[in-house]
Amino acid sequence: MLRLLCVLVVSAVFADRATYYNYQVRRVVPENQEQLKVLNDLEAEPNGLYFWVRPSRIQKAVDIMVPPHMLPFFSEIAEGLNLKSEIYISNVQHLIDTERPKVRPTADFGWTDYHTLDEIYAWLDSLVETHPGVVTSIVGGQSYEDRQIKGVKVSFKAGNPVIILEGGIHAAEWISSATVTYILNKLLTSEDPVIADLAQSFDYYVFPNVNPDGYVYSHTTDRLWRKTRRPVGNGCYGADPNRNWDFHWMEAGASSDPCTDYYAGEYAFSENETRSLAEYFKSISDNLVGYLDFHSYSQLLMFPYGHTAEHVSNYDELLALGLEGAAALARNNGTQYKVGSIYEAIYPASGSSLDWVRGNLGAPYAYVWELRDTGRYGFLLPANQIIDTGEETLNSVIVILQEAKRNLQGNTKR
Ligand SMILES: *[C@@H]1O[C@H](CO)[C@@H](O)[C@H](O)[C@H]1NC(C)=O
Ligand SMILES: *[C@@H]1O[C@H](CO)[C@@H](O)[C@H](O)[C@H]1NC(C)=O
Ligand SMILES: [Zn+2]
């Protein structure tokens, strides 16, 4: 009887899980306007293809997940356009099945496996106890399904300038949340005097999971879920929370079709997550100097803007510092990053949190990382790369924070 119950429970848990057996990820590189236009048209309508990397311009690679039943359709289009495609991932489900260790580590919270939302939130709570007087619990907002956007504030002394660290706005990008917790842990525990000094020089507001409903859904139901989880019509769910911020909303690189993965929402701040988080960010913005946002994948280190090719006032500084950060990042494992504004480095994209924070709150050091890798695993980066990713990313964060600190000291002396 007991065994029967277990079987029932297990099948109930797994019954509705999305699977991706023999789904391929194909990379194509458009070489002319005609090819680019067909790719854009394919991407614009919900048709069963999932663009892991969207078309942007000629010579920029596009990664498309193709379900097995659509391979003939996809091949026909590619052949018709004389567009060569390369198989980057031959069976997406295989990567889902192998991205985590076979046996979950039983020890305390660590970085050899990905964690559920509950585990991350419990760990954040535990930091308040292990670092009394330094770590406090904060709530950045509320999700559609009524979950907290939980974070912590790290403050070694009052009146420090403010840095925000944000992760997990796109639910499927698990390495983002893992990297944010990795950096947070180092700020609190590292014996490296450089890191300890930076920890004490700023107040950090850290949110590993700003799309908690999506993150939970990516664990329980669909590993590749990206958006929020609000019903948005036509039987579809969620808006892209990184296209929903009220700054040049829906001007570029976003969709008005609720069933696409880049749906900008019905209106700016239509999503509970973005609206409440923006309010919170405003409330801590008096002394805001840095905003560090983490995504995957593509290995890019970018700064505003995404909605326009126009340069921000400190473009030259952000570019030079970004290049220094990328060089520091490459030091450990040779991981190569490209650096530029979102618009230049990836594609036009409006309504992002980065653009909003820069445009509304004026954070001078606003950066976004597209973390590992460049497509071999895509969103499904194996957990055994979390530590190396965290460590190399931290190296770039250190370079940026050191410059922010130097600059602030320069300003007070003047
Ligand atoms: C989400 O936003 C709507 C509209 O403002 C509000 O009525 C609702 O209470 C919010 N939900 C949560 C869980 O906060
Ligand atoms: C990456 O660099 C770190 C630090 O130097 C090193 O410990 C690690 O073994 C490297 N990882 C790989 C896969 O080479
Ligand atoms: Zn993302």
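# A walk around the chain

Start with the whole chain in cartoon view: 13 helices and 14 strands. Its radius of gyration is 21 Å, close to the 22 Å that the globule rule gives for 414 residues, so the chain is as compact as a globular protein of that length. Keep in mind as you click around that this is a predicted model.

**Stop 1: the overall picture**

Line the view up with the principal axes and the C-alpha trace spans about 65 × 65 × 40 Å. Colour by burial next: buried residues make up 57% of the 414 in the chain. If you like contact maps, draw one and count the contacts with a separation of 6 or more; 76% of them come from residues 24 or more positions apart.

Now switch on the surface. About 17,500 Å² is exposed, and carbon and sulfur atoms supply 52% of that area. Colour the charged side chains too: you should find 34 positive and 51 negative ones, with the centres of the two sets 3 Å apart.

**Stop 2: the disulfide**

How many disulfides does the chain have? The count comes to one. Select cysteine 236 and cysteine 259 and show them as sticks; their sulfur atoms sit 2.0 Å apart. This pair links distant parts of the chain, 23 residues apart: cysteine 236 belongs to strand E10 (residues 236-237), while cysteine 259 is in the loop between E10 and helix H9 (272-283).

Is the disulfide right-handed or left-handed? The torsion about the S-S bond is about 100°, so the disulfide is right-handed. The two ends also fall into separate burial classes: cysteine 236 counts as buried at 18% relative accessibility, whereas cysteine 259, at 25%, is partly exposed.

**Stop 3: backbone oddities**

Some background for this stop: most residues other than glycine have a negative phi, and most peptide bonds are trans.

Select proline 304 and tyrosine 305. A cis peptide bond joins them, with omega about 5°. Tyrosine 305 is in the loop that runs between strand E12 (300-303) and helix H10 (315-333).

Then jump to arginine 372 and aspartate 373, where a cis peptide bond has an omega of about -5°. Look for aspartate 373 in the loop between strand E14 (365-371) and helix H13 (386-413).

For positive phi, go to aspartate 146, which has a value of about 70° although it is not a glycine. You'll find aspartate 146 in the loop between strand E5 (135-142) and strand E6 (148-154). Is aspartate 146 buried or exposed? Its relative accessible area is 58%, over the 50% cut-off, so aspartate 146 is exposed.

Glutamine 299 also has a positive phi, near 60°. Select it in the loop between strand E11 (288-296) and E12. Glutamine 299 counts as buried, at 10% relative accessibility.

**Stop 4: threonine 179**

Last selection: threonine 179, in helix H6 (residues 174-189). With a relative accessible area of 0%, threonine 179 is buried. Which residues does threonine 179 contact, leaving aside its neighbours within four places in sequence? Show Phe294, Leu371, Thr389, Gly390 and Thr393 alongside it.

Two of the elements from earlier turn up around here: helix H13 covers 386-413 and strand E14 covers 365-371. To finish, draw a C-alpha to C-alpha distance from threonine 179 to isoleucine 163: they are 16 residues apart in sequence and 16 Å apart in space.

Technical notes. Residues are numbered from 1 along each chain as its sequence is written. Chains are lettered from A and ligands numbered from 1 in the order in which they are written. This is a predicted model: local features need pLDDT of at least 70, side-chain atom pairs count only at pLDDT 80 or more; totals for chains, interfaces and linings use all residues. Side-chain values use heavy atoms; hydrogens and water are left out. Helices (H or I, at least four residues) and strands (E, at least two) are DSSP runs, numbered from the N terminus. The radius of gyration is taken over C-alpha atoms; the globule rule is 2.2 Å times the number of residues to the power 0.38. Buried means under 20% relative accessible area, exposed over 50%, partly exposed in between (1.4 Å probe, protein chains only). Contact means heavy atoms within 4.5 Å. Accessible areas come from the Shrake-Rupley method with a 1.4 Å probe; for residues, only the protein chains shown count as cover. Lys and Arg count as positive and Asp and Glu as negative; His and the chain ends are not counted. The place of a charge is taken as NZ of Lys, CZ of Arg, CG of Asp or CD of Glu. A disulfide is a pair of cysteine sulfur atoms within 2.5 Å.
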